[in-house]
2 protein chains.
Amino acid sequence: MAQPTMQQVAEAAGVSTALVSLVMRGAPNVSDMRRALVLKAAEELGYRPNVLARNLASRRTRTLGVVVNDLHNPFFAEIIDGIQSAAEANGYRILIGNGQHSRRGESDAIETFLQLRVDGLILAGAVVTEDEMERAAKSAAVVAIGRTAASREIDTVNCDESVGTRLVIDHLVGLGHRRISHIDGGSGAGAANRRLGYEESMREFGLGEFINTVRGDFSESGGYNAADELLTLHQRPTAIFAANDLSAAGALDRVEDAGLEVPSDVAIVGYDNTGLAAMHHLSLTTINQPRGVFGRIATELILERIDDGRTTAVHHVVAPTLVVRKTSGPSTETSREEEILV
Amino acid sequence: MAQPTMQQVAEAAGVSTALVSLVMRGAPNVSDMRRALVLKAAEELGYRPNVLARNLASRRTRTLGVVVNDLHNPFFAEIIDGIQSAAEANGYRILIGNGQHSRRGESDAIETFLQLRVDGLILAGAVVTEDEMERAAKSAAVVAIGRTAASREIDTVNCDESVGTRLVIDHLVGLGHRRISHIDGGSGAGAANRRLGYEESMREFGLGEFINTVRGDFSESGGYNAADELLTLHQRPTAIFAANDLSAAGALDRVEDAGLEVPSDVAIVGYDNTGLAAMHHLSLTTINQPRGVFGRIATELILERIDDGRTTAVHHVVAPTLVVRKTSGPSTETSREEEILV
DNA sequence: TTTCGAGATTGTAGCGCTCTAAACGTCAAG
DNA sequence: CTTGACGTTTAGAGCGCTACAATCTCGAAA
């Protein structure tokens, strides 16, 4: 396992280690002859630069540490895709740390990266305290995705939930719905924003009197139970807006169990556009957050700090989009009310 | 961003850098007095060991690189959980690299880790050539999860597909099914093993004449189309065994679209026990692979090589289990045939 | 021919740490 | 009082690389 060093390559090629170093880094002022010589020697020896030594000597790592809150959540996979391609385009490599869905796990991952002296730290969906983020910002550039930060040292990238919720309500109202209920995410992260956005949008459309939120917990069973509650109402809603796709799936399940048709009897809209929503037999209308864009922007922000020396905080807000699928359709409400009146 | 060094801590504490080094590494032969002194100085300065320098000097990193084929696949998240807890228990840290679902991406991730001089490399679901794995094994201990390797330098951890497929057929036969068709994974990774396992098991149960495989591709739509094909058969199968959960979901969709009941008209079994399968409204009978165990065993194997110096290859095979949910049930076949005969 | 300068190459001092061997008490036994 | 042993501390030589300044080369201009 003893690996060849630059020294050995230099000797084999009959040049100095400094020249080998230049060749390895792709420096311009090296004659083609020696470059070829060095490359050949390196190839033959199976030389592989020692990044530890390189980084130690150059005091840069050109490495970004990415800490994700929870690797199980496919949400983060797409963010990482965005980060990775943006990082590579700029000559940076990324390393991924798993927060294991806990504050403690995130802290550990952050500490590991700082000890590795990464140039930048991207925190995706982090639940660590802002204090801790600020402490990290003393040693590396930090940007947080999906959460706010007051510190001047920390940039953020977020999605505009008020736009997302308005998109949903606008869509449903446009289809003739008025009794639109909301299954919220309880005390989960971001749940409050979506609930608020729902209420605001309803009022904007003059539907304040129809505001009706039932508690969920971002889970399938939570959505199922919440829908159950909604179906027992005297006047059941004609549309259900769930705080995420999973609870929308649960709600859908309950509604269909009750023998009702989706979307003709009850329309259902989710949030997040997960792989689930795209499934043929679910085909859920939902809000899409441009996750890859999150990653790209976060990377760009962090590189502005590292390479361009920006020191003021930038807070980027990205607009979500509506993805219409098969669980939303025109309300049959109006005609029914007329029938009743007649 | 200039970080305090061991030198500064030593000066502040009035001791040598060597002593600081000992304290930082938790060495035993240090007097309590000096230990406290050093710890205090380090704390006050906000000292954080430089892992680059440490690893360079000690020629060990106590770090495991984990390369996953595709971060989008939740399958790997659980494997990582297993690796992480086993690694931590042994004083190792892990770094995760994303293969981006491509040979090229995996190669890059492997190369990055080797340049970082990780002590061990765990490849999960890797699609790189065995040659490349072997080359990596010259610089670090390597274990592959979910694939075979002939090299003596490489350990493997795999699931016994023949057991898994037998479990499925056994279950279905026990329920009275005989016309059990298979939707395979086409040329996808592992598809051949499952197809073979299906055929073998069928023959074992004396059902060779009912062997019938239609082509899928591990996708939902692939499952849908394959099921479509199966339903047009003169004698349609009473049970469908799909090569993974996603294609099982597609098949389920098609069967229900045809107005048939699952499981009474057609039973459906998937493979992998993904989160999808557990969903209430799918509730798919499927084969569970103990993913966390994969990770734990892989880690144990790699540490045997690193710490205990094992040099022979170990190939570990883990047994999968059957998870019975709602898409499988008794065959109604027998009674029907009797009716026809009468 | 001499001079000059740009490009190519090299010597070497670190980067921040670990590790080995040696040095330094300190104290009980001789 | 000397010696030896033991536990603690330290000096200093690397680890493999980069960065900077210094040096070398060689053709073009004077």
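**Close-up 1. A:Arg25 and its neighbours at DNA strand D.** In this predicted model, an N or O atom in the side chain of A:Arg25 sits 2.5 Å from a phosphate oxygen of DNA strand D. The side chain of A:Arg54 also places an N or O atom 2.7 Å from a phosphate oxygen of the strand. A:Ala53 uses a backbone N or O atom instead, 3.5 Å from a base nitrogen of DNA strand D.

**Close-up 2. The surface near DNA strand D.** Here 24 residues surround the strand, A:Met6, A:Ser21, A:Arg25, A:Tyr47 and B:Arg34 being the closest; a residue is near when one of its heavy atoms lies within 4 Å. Of the strand's atoms within 4 Å of the protein, 79% belong to sugar or phosphate, and the rest to bases. H4(A) gives the largest share of this surface, four residues.

**Close-up 3. Helix H3 of chain A.** Helices are DSSP runs (H or I, at least four residues), numbered from the N terminus. Look for A:Val38, A:Ala41 and A:Ala42, the buried residues of H3(A); buried means under 20% relative accessible area and exposed over 50% (1.4 Å probe, protein chains only). On the other side of H3(A), the exposed residues include A:Asp32, A:Lys40 and A:Glu44. The buried residues of H3(A) pack against helix H1 (6–13) and H2 of chain A, with contact meaning heavy atoms within 4.5 Å.

**Reading the views.** Local features need pLDDT of at least 70 and side-chain atom pairs 80 or more, while totals for chains, interfaces and linings use all residues. Residues are numbered from 1 along each chain as its sequence is written, chains are lettered from A and ligands numbered from 1 in the order written, and side-chain values use heavy atoms, leaving out hydrogens and water.

Notes
A polar contact is a pair of N or O atoms within 3.5 Å; within protein, one must be able to donate a hydrogen and the other to accept it, and residues adjacent in sequence count only if both atoms are side-chain atoms. Helices (H or I, at least four residues) and strands (E, at least two) are DSSP runs, numbered from the N terminus.
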